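Work through the exercises below with the structure open beside you. Try each task before reading its solution.

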Amino acid sequence: MSVVSQLILQADDDLRYPSTGELNTIKEFLETGEQRMRIAATLAENEKKIVTESSKQLWQKRPDFISPGGNAYGERQRALCLRDYGWYLRLITYGVLAGDKEPIEKIGLIGVREMYNSLGVPVPGMVESIRCLKTAALNLMSAEDAAEAAPYFDYIIQSMS
């Protein structure tokens, strides 16, 4: 849900008009729309490149993940990891488009630690993979866009840590 939707629903729940502060928040959200769309397009159009680069970074840092006995050993396991990287990248894109981290929380972070633990996937490894995803993605953006997108990656990293 976007910032605009949230503010309108909150005002409606309170049976009031949006406050001046809420209207200013909506104005700021709309003013950043072009940038958020540009960031989302960069992420979407470069998903494969970002996932490939981030996995390469991760395997270099943690070759034990793709060695026999590692969680990403073998084609099937590695493909599952890459699938998850793409999923997290989409999740970040949703947050950027909404201008809020709530979609990331609601869609992707509730229960993630328990899920990975139950599957035997090391959560610190997933955190490191998100760091690599962040580096690969932000390297494709201008400094201004990277500064806007970085907190969405950081939110996932902090939530999983």
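**Exercise 1.** Find the element that holds Glu 144, and decide whether this residue is buried or exposed.

Solution. Step 1: in this predicted model, Glu 144 is part of helix 9. Step 2: the relative accessibility of Glu 144 is 57%. Step 3: exposed means over 50%, so Glu 144 counts as exposed. As a further check on its position, take Asn 71: the two residues are 73 residues apart in sequence, and their C-alpha atoms are 36 Å apart in space.

**Exercise 2.** Compare the end-to-end reach of helix 9 with the expected span, then locate its kink.

Solution. Step 1: helix 9 contains 18 residues. Step 2: at 1.5 Å a residue, the expected value is 26 Å. Step 3: from first C-alpha to last, helix 9 reaches 26 Å, close to that expectation. Step 4: helix 9 nevertheless has a kink of about 30° at Ala 149, shortly before the proline Pro 151.

**Exercise 3.** Which residues of helix 9 are buried, and what covers them?

Solution. Step 1: the buried residues of helix 9 are Asp 145, Ala 146, Ala 149, Ala 150, Tyr 152, Phe 153, Ile 156, Ile 157 and Met 160. Step 2: an α-helix has 3.6 residues a turn, so residues three or four places apart point the same way. Look for such spacings in the list. Step 3: the cover over these residues includes helix 3, helix 5, helix 6, helix 7 and helix 8.

**Exercise 4.** Check the span of helix 8 and explain why helix 8 is described as largely enclosed.

Solution. Step 1: helix 8 covers residues 123–138, which is 16 residues. Step 2: at 1.5 Å a residue these should span 22 Å, and the end C-alpha atoms are 22 Å apart, so the two values agree. Step 3: twelve of the 16 residues are buried, and therefore helix 8 is largely enclosed by the rest of the structure. Among them are Val 123, Met 126, Ile 130, Leu 133 and Ala 137. Step 4: the buried residues of helix 8 pack against helix 3, helix 4, helix 5, helix 7 and helix 9.

**Exercise 5.** Place Gln 57 and list its contacts beyond its neighbours within four places in sequence.

Solution. Step 1: Gln 57 belongs to helix 4. Step 2: its relative accessibility is 12%; buried means under 20%, so Gln 57 counts as buried. Step 3: with neighbours within four places in sequence set aside, Gln 57 is in contact with Cys 132, Thr 135 and Ala 136. Step 4: of these partners, Cys 132 and Ala 136 are among the buried residues of helix 8.

**Exercise 6.** Describe the largest pocket by volume, lining and residue class.

Solution. Step 1: the largest pocket holds about 310 Å³ of space. Step 2: it is lined by 18 residues, and the closest to its centre are Asn 71, Gln 77, Cys 81, Asp 84 and Val 121. Step 3: helix 4, helix 5, helix 7 and helix 8 each give at least two residues to the lining, and helix 5 gives the most, with six. Step 4: by class, 13 lining residues are nonpolar, three polar and two charged.

**Exercise 7.** Summarise the chain as a whole.

Solution. Step 1: the chain has nine helices and zero strands. Step 2: its C-alpha trace spans about 60 × 35 × 20 Å along the principal axes. Step 3: of its 161 residues, 42% are buried.

Technical notes:
Residues are numbered from 1 along each chain as its sequence is written. This is a predicted model: local features need pLDDT of at least 70, side-chain atom pairs count only at pLDDT 80 or more; totals for chains, interfaces and linings use all residues. Side-chain values use heavy atoms; hydrogens and water are left out. The expected span of a helix is 1.5 Å times one less than its number of residues. Buried means under 20% relative accessible area, exposed over 50%, partly exposed in between (1.4 Å probe, protein chains only). Contact means heavy atoms within 4.5 Å. The bend at a residue is the angle between axes fitted to the seven residues ending there and the seven starting there. On a 1 Å grid over the protein atoms alone, a cavity is a set of points where a 1.4 Å probe fits but cannot get out, and a pocket is an open set with protein on both sides within 12 Å along at least five of seven lines; lining residues have an atom within 4 Å of a point. Grid points are joined across faces, edges and corners, and a volume is the space filled by probe spheres set on the points. Ala, Val, Leu, Ile, Met, Phe, Trp, Tyr, Cys and Pro count as nonpolar, Asp, Glu, Lys and Arg as charged, and the others, Gly among them, as polar.
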